[in-house]
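Please open the structure in a viewer and keep the sequence panel visible. The tour below proposes one selection after another and states what is found at each stop.

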Amino acid sequence: MLCRVRGFHEEVYFLEEGEVLYIESSHNNVIWHCRGYQVESRDSLKRLEQCLPGGFMRIHRGYIVNIRQIYSVCGNEVRLANGDILVIPMRNCAGVRKSLLSRMEKELLSPQTVHSSPKVERQGQDEIRCLL
């Protein structure tokens, strides 16, 4: 999937879904964290949450994460393929973790994505790791 993002100075970016690691809210803007670069645009996570495909999930008031870019989930931390760590709020941790792990397993192990997806390895009940 291709995401069309309009920057601050009317420039238009076409981002491949696989390039996007996560999207961060910053005041009235969002920052698209991609592999090796960032793009800022005027938007809201609430609107993006409704527009983005099922491979993205809101894990925090300030973050939407690309499920395919998650390396591991341990405790209340989500570690991404590039080494960035996003924290799941403690008050929502159990529900978000359960939903996130369930969606990761479905997304990464679905018949349509088996050949192009990383392998998933369960590390006990509390951790799941994607082998990239």
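Helices (H or I, at least four residues) and strands (E, at least two) are DSSP runs, numbered from the N terminus. The model is predicted: local features need pLDDT of at least 70, side-chain atom pairs count only at pLDDT 80 or more, and totals for chains, interfaces and linings use all residues. Residues are numbered from 1 along each chain as its sequence is written, and side-chain values use heavy atoms, with hydrogens and water left out.

**Stop 1: confidence**

Colour the chain by pLDDT, the predictor's confidence in each residue, from 0 to 100. The protein chain averages 81, and 79% of the residues score at least 70. Which elements have the lowest and the highest mean pLDDT? Strand β12 (residues 127-131) has the lowest, 50, and β7 has the highest, 96. Next, select residues 113-120, where pLDDT stays under 50. Where pLDDT is low, the predicted coordinates should not be read in detail.

**Stop 2: L21 and Q69**

Select L21, which is found in strand β3. Is L21 buried or exposed? Buried means under 20% relative accessible area, exposed over 50%, and partly exposed in between (1.4 Å probe, protein chains only). L21 has a relative accessible area of 1%, and therefore counts as buried. Now display its contacts, a contact being heavy atoms within 4.5 Å. Leaving out residues up to four places away in sequence, L21 touches H33, C34, R35, V65, N66, Q69, L80 and N82. Add I64 to the selection: I64 and L21 are 43 residues apart along the chain, and their C-alpha atoms are separated by 9.0 Å.

Move to Q69, in the loop between β7 and β8. With 5% relative accessibility, Q69 is buried. Beyond four places in sequence, the residues that Q69 touches are G18, V20, L21, R35, L80 and A81.

**Stop 3: H27**

Select H27, in the loop between β3 and β4 (29-34). H27 is exposed, because its relative accessible area is 77%. Phi of H27 is near 60°, a positive value in a residue other than glycine.

**Stop 4: the nonpolar cores**

A nonpolar core is a set of buried Ala, Val, Leu, Ile, Met, Phe, Trp, Tyr and Cys residues joined through side-chain atoms within 4.5 Å. In soluble globular proteins, nonpolar side chains tend to be buried together. Select I59, I70, V78, L80, L86 and L100, which have the most contacts inside the largest core, a set of 18 residues. The elements that each supply at least two residues of this core are β3 (20-26), β6 (56-60), β7 (63-66), β8 (70-74), β9 (77-80) and α2 (93-109). The largest share, 5 residues, comes from α2.

Which residues are in contact with I59, leaving aside its neighbours within four places in sequence? They are V65, V78, L86, I88, P89, V96 and L100. A second, separate core has 14 residues, among them C3, W32, L48 and L52.

**Stop 5: strands β8, β9 and β10**

Two strands pair if DSSP finds at least two bridges between them. Show β8 and β9, which pair in the antiparallel sense over 4 bridges. S72 has R79, in β9, as its bridge partner. The hairpin of these strands has 2 residues between the strands, and its G75 takes a positive phi near 65°. Then add strand β10 (residues 85-87), which is joined to β9 by 3 bridges and runs antiparallel to it. Here the bridge partner of E77 is V87, in β10. Four residues lie between β9 and β10 in their hairpin, where G83 takes a positive phi near 100°.

Turn on the side chains of β9, which alternate. V78 and L80 point to one face and are buried, while E77 and R79 point to the other and are not.

**Stop 6: salt bridges and cysteines**

A salt bridge is a side-chain nitrogen of Lys or Arg within 4 Å of a carboxyl oxygen of Asp or Glu. By this rule there are 2 salt bridges. For R47 and D43, the closest N and O atoms are 2.8 Å apart. For R58 and E49, the corresponding distance is 3.3 Å. R58 is partly exposed, with a relative accessible area of 24%, and E49 is also partly exposed, at 41%.

Finally, how many disulfides does a search of the whole structure find? With a disulfide taken as a pair of cysteine sulfur atoms within 2.5 Å, the search finds 0. Of the cysteines, one may select C74, which is partly exposed at 42% relative accessible area, and C93, which is buried at 10%.
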